[in-house]
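Please open the model in your viewer and keep the selection panel at hand. The tour below goes from one selection to the next and says what is to be found at each stop.

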Amino acid sequence: METQPHLDTGGPSPDVTGADIDDLDVTQLLGTLTTSAEGLSGQEAERRLSVFGPNEIPEKRHNPLLQLLVYFWGPIPWMIEVALILSLVVRDWSDAAIIGLLLVANGLIGFWEEHQAGNAIAALKEKLAATAHVKRDGSWGDVPACELVPGDVVLVRLGDVVPADTRILSGSDLLIDQSTLTGESLPVTRSSGDSLYSGSVAVKGEAHAVVTRTGTQTYFGRTAELVETAGNVSHFQQAVIRVGRFLIMIAVVLVVAMFVVGVLRGNDFVQMLQFALVVTVAAVPVALPTVLSVTMAIGASRLAGEHAVVSHLPAIEEIGGIDVLCSDKTGTLTRNELHVRDPFVMPGGDDTSRSLLLDAALASNADNGDPIDVAVLDAFAAGGLSTDGWTVDDFVPFDPVSKRTEATVTSPAGDTVQVSKGAPQVILGLGSGGDGTREYEGAVAEFASKGFRSLGVARKTGADGAWHVCGVLPLSDPPREDCAATIAEAQKLNVKVKMVTGDALAIAREVSDEVGLGPDIVDASVLSDADADETGLKSMVEAADGFAQVFPEHKHKIVELLQQAGHLVGMTGDGVNDAPALKQADAGIAVSGATDAARAAADIVLLSPGLSVIVTAIRQSRQIFERMTSYSIYRIAETIRVLFFVVLAIMVFDYFPVTALMIVLLALLNDGAIISIAYDNAETSITPKGWNLRRVLTIATVLGLTGVVESFLLLAFTKLGLHLGDGEIQSIIYLKLSIAGHLTIFVARRHGPLWSRPYPSRILLGAVIGTQLVATTIVKTGLLGFHALPWAWIGIVWVYTLVWMFAIDAMKLLTYRVIDRRTADGIRSNSFLDLASKSAGAAG
């Protein structure tokens with residue numbers, strides 16, 4: 001009777017979503033998939049394609065215009081847009097043009113960042129096979145890989161990219177390179193019944209396999225879905241939103257109060273409206289996102305000089321705040337190269353370590369690129385040994401069936417010798433190990449307990465001689481030379497390093513011990529337990545020194561659990577399997593030599609090997625964070641200083657202390673020059689830095705309100721004490737506000753006294769001096785309709801402002817001392833600033 005060539009079920013489609021199909025033997029699997037070793041019919045394949053969908057990673061496509069418009073919607077964009085409208089209402093065209101440019105710049109920056117997830121998906125899709133050799137209707141043929149369905153039988157041979165998740169049915173053993181998926185540094189052997197993952201590559205062998213999962217159900221597809229769904233709003237973005245809300249709250253309350261009081265007092269309605277609009281425009285921090293982004297961009301340029309390329313600007317702030325760094329093992333902590341360790345030599349014979357290496361080298365071929373052969377030959381050369389005088393007559397390369405190499409060689413004395421290296425048990429089976437058999441097996445077990453890969457070596461002299469087992473060569477992927485020192489340096493910066501690897505527990509523990517991470521290595525399979533207690537998992541993940549036998553969803557889960565526990569998490573990696581966690585992490589770092597998918601998902605891409613550049617990036621990022629914090633304190637303080645003062649003057653004296661033009665000049669000159677803070681000298685904190693909005697708002701408010709007192713006293717003295725004219729008073733107040741505004745940055749930039757190190761950079765000093773010379777020149781010469789001031793008054797204002805700068809600095813030091821004491825004592829309050837900070841961040 002003729003064999004059934006294919007199946008036409010026409011019935012229910014197989015369920016391939018459950019993990020239980022991985023536990024079935026081949027016969028049960030074929031039954032579950034309602035297929036056979038002869039494959040499907042074309043008609044059944046078409047039916048299943050309509051059920052399961054294409055074997056590809058779906059990519060969500062968005063309207064680019066709608067994506068762009070999203071970045072003009074939100075608290076900060078609303079503030080800038082209101083400021084733009086108000087500038088147009090009062091016909092301030094130059095101010096409107098500047099605000100419009102800032103608005104567009106902020107939107108374009110956000111729009112560009114949105115494309116990162118799409119780039120990661122594209123890089124993943126490029127790794128998938130384009131076509132597959134499949135058996136349908138009883139005959140073999142090539143079809144697009146996207147048309148494969150569960151139940152198809154495919155041929156996988158040398159050089160093929162595995163087109164879907166499959167199980168081997170028959171054929172020779174396969175040697176599979178799945179390094180870009182799992183991070184394993186060596187090809188793995190797969191036999192009948194074993195699984196093959198979509199995206200891995202066949203290095204040797206040929207086999208028939210049945211498709212078990214396609215599309216997003218595959219190992220590869222799950223990775224891609226995690227990349228697409230991973231991600232979080234950066235703490236930088238959250239901080240900008242919260243600062244914006246805080247300033248909106250202050251501006252609305254004060255401007256409305258000023259307008260109402262002025263109108264009730266009978267002031268000109270149009271004049272009050274125009275002045276209220278101008279004050280509102282000045283209060284809106286239109287340059288806040290831009291200045292912070294430029295500060296990060298300049299920092300990114302500096303990091304590029306340290307071989308770290310930033311692809312996601314907010315990650316500069318995030319990496320400075322990370323307190324946990326999850327590091328991939330292969331290629332990151334280790335060299336991703338096999339090296340020979342101290343060998344075991346069979347006792348009681350003439351063999352030595354040198355002769356063992358010689359035999360292994362003769363049984364190796366430098367031309368085939370096999371990583372084990374390369375490692376053996378490198379160790380041979382490093383030992384100062386040579387094969388001079390030896391001639392290789394025949395060489396049989398490694399194959400998954402024999403599990404060994406063999407060479408026939410002629411010695412310098414003319415003797416014919418056969419040498420072989422391979423799997424320890426296979427080598428031991430060639431001949432007797434004699435009295436050393438037990439020691440041989442013990443050495444193999446000891447090497448396995450350390451995660452080393454063992455390579456048996458044997459020799460036979462003469463055609464009729466017997467094989468003699470010579471010993472065992474242990475191989476491992478050793479740590480990078482600078483790895484232990486770099487981890488110790490990271491720990492000094494209060495960053496906890498955790499190893500995350502797909503390798504076995506034994507290998508992970510050995511590497512962890514060598515680099516000084518700690519002994520607590522957890523099997524990541526516990527993270528897949530659906531019944532596990534979430535709180536217990538968080539505690540376990542926090543306490544662990546590393547994780548072994550990790551799958552992509554495990555890495556993603558580890559990052560999420562650490563983030564839920566309140567940590568800022570950095571993740572390093574190089575393979576496709578790292579991409580989801582890189583995207584989810586607060587700072588995703590693709591190491592040197594990373595795959596395209598890892599680079600596309602990462603925030604920072606390293607161009608130099610090892611972790612040392614990461615420590616440099618952490619130091620640089622903490623300096624950048626100090627600059628951004630300084631600017632934020634300055635900008636909030638200035639908004640409070642100007643708004644409160646102007647409103648207070650109107651409400652108390654029924655008097656405009658500055659003109660609308662003066663307010664616009666203050667905003668343009670001060671914000672335009674203060675961008676130079678991006679080049680300022682900043683200290684490097686030994687603790688992770690993060691946005692403490694309550695602390696920032698408290699310090700800024702104290703500086704701002706102290707500045708209000710300073711300005712109000714000067715106004716009262718000139719108006720009530722000296723009875724100066726309105727124009728003269730306004731010029732004096734303008735000069736005072738301009739000088740004091742820039743001097744505030746010198747107070748805000750240091751936690752300690754303003755004269756302590758590091759001193760301000762020349763660029764920052766130059767910008768401040770330059771703008772204040774402009775402001776002084778305007779009030780001296782009477783440009784732009786200002787009342788001209790004599791040198792005496794200019795000198796008085798400068799001295800008055802400088803004296804107050806030291807008084808404000810003293811208030812800052814006192815405030816920091818109180819905050820630090822309250823933090824240490826764990827005291828919380830329901831003060832206005834607490835409530836403002838909480839309400840400002842409620843929707844963040």
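Select helix H17 (residues 437-449) together with the elements that cover its buried residues, which include E13, helix H16 (424-430), E17 and E18; bear in mind that this is a predicted model. Within H17, the residues to highlight as buried are Tyr440, Ala443, Val444 and Phe447. They lie on the same side of H17, because the arc they cover around the axis is only 100°. Now turn to the face of H17 directed away from this buried side, where the exposed residues Arg438 and Ser449 are found. A distance between the end C-alpha atoms of H17 comes to 18 Å, which agrees with the 18 Å that its 13 residues should span at 1.5 Å a residue. Just after H17, select Gly451, whose phi is positive, at about 85°.

Next, move to helix H14 (residues 353-362), where 8 of the 10 residues are buried, so that the helix is largely enclosed by the rest of the structure. The buried residues are Ser355, Leu356, Leu357, Leu358, Asp359, Ala360, Ala361 and Leu362. To see what covers them, add strand E13 (344-345), helix H15 (371-382), strand E15 (404-410), strand E16 (416-422), strand E17 (453-461) and strand E18 (468-476), which are among the covering elements.

For the last stop, select Val252, Val256, Val260 and Leu264, which form a nonpolar patch on the surface with about 380 Å² of accessible area together. Val256 is placed in helix H9 (residues 235-264), and its relative accessible area of 47% makes it partly exposed.

Technical notes: Residues are numbered from 1 along each chain as its sequence is written. This is a predicted model: local features need pLDDT of at least 70, side-chain atom pairs count only at pLDDT 80 or more; totals for chains, interfaces and linings use all residues. Side-chain values use heavy atoms; hydrogens and water are left out. Patches are made of residues with over 30% relative accessible area and no salt bridge: like charges are joined within 9 Å, nonpolar side chains (Val, Leu, Ile, Met, Phe, Trp, Tyr) within 5 Å. Accessible areas come from the Shrake-Rupley method with a 1.4 Å probe; for residues, only the protein chains shown count as cover. A salt bridge is a side-chain nitrogen of Lys or Arg within 4 Å of a carboxyl oxygen of Asp or Glu. Helices (H or I, at least four residues) and strands (E, at least two) are DSSP runs, numbered from the N terminus. Buried means under 20% relative accessible area, exposed over 50%, partly exposed in between (1.4 Å probe, protein chains only). Contact means heavy atoms within 4.5 Å. The expected span of a helix is 1.5 Å times one less than its number of residues. The arc is that of the directions from the helix axis to the C-beta atoms.
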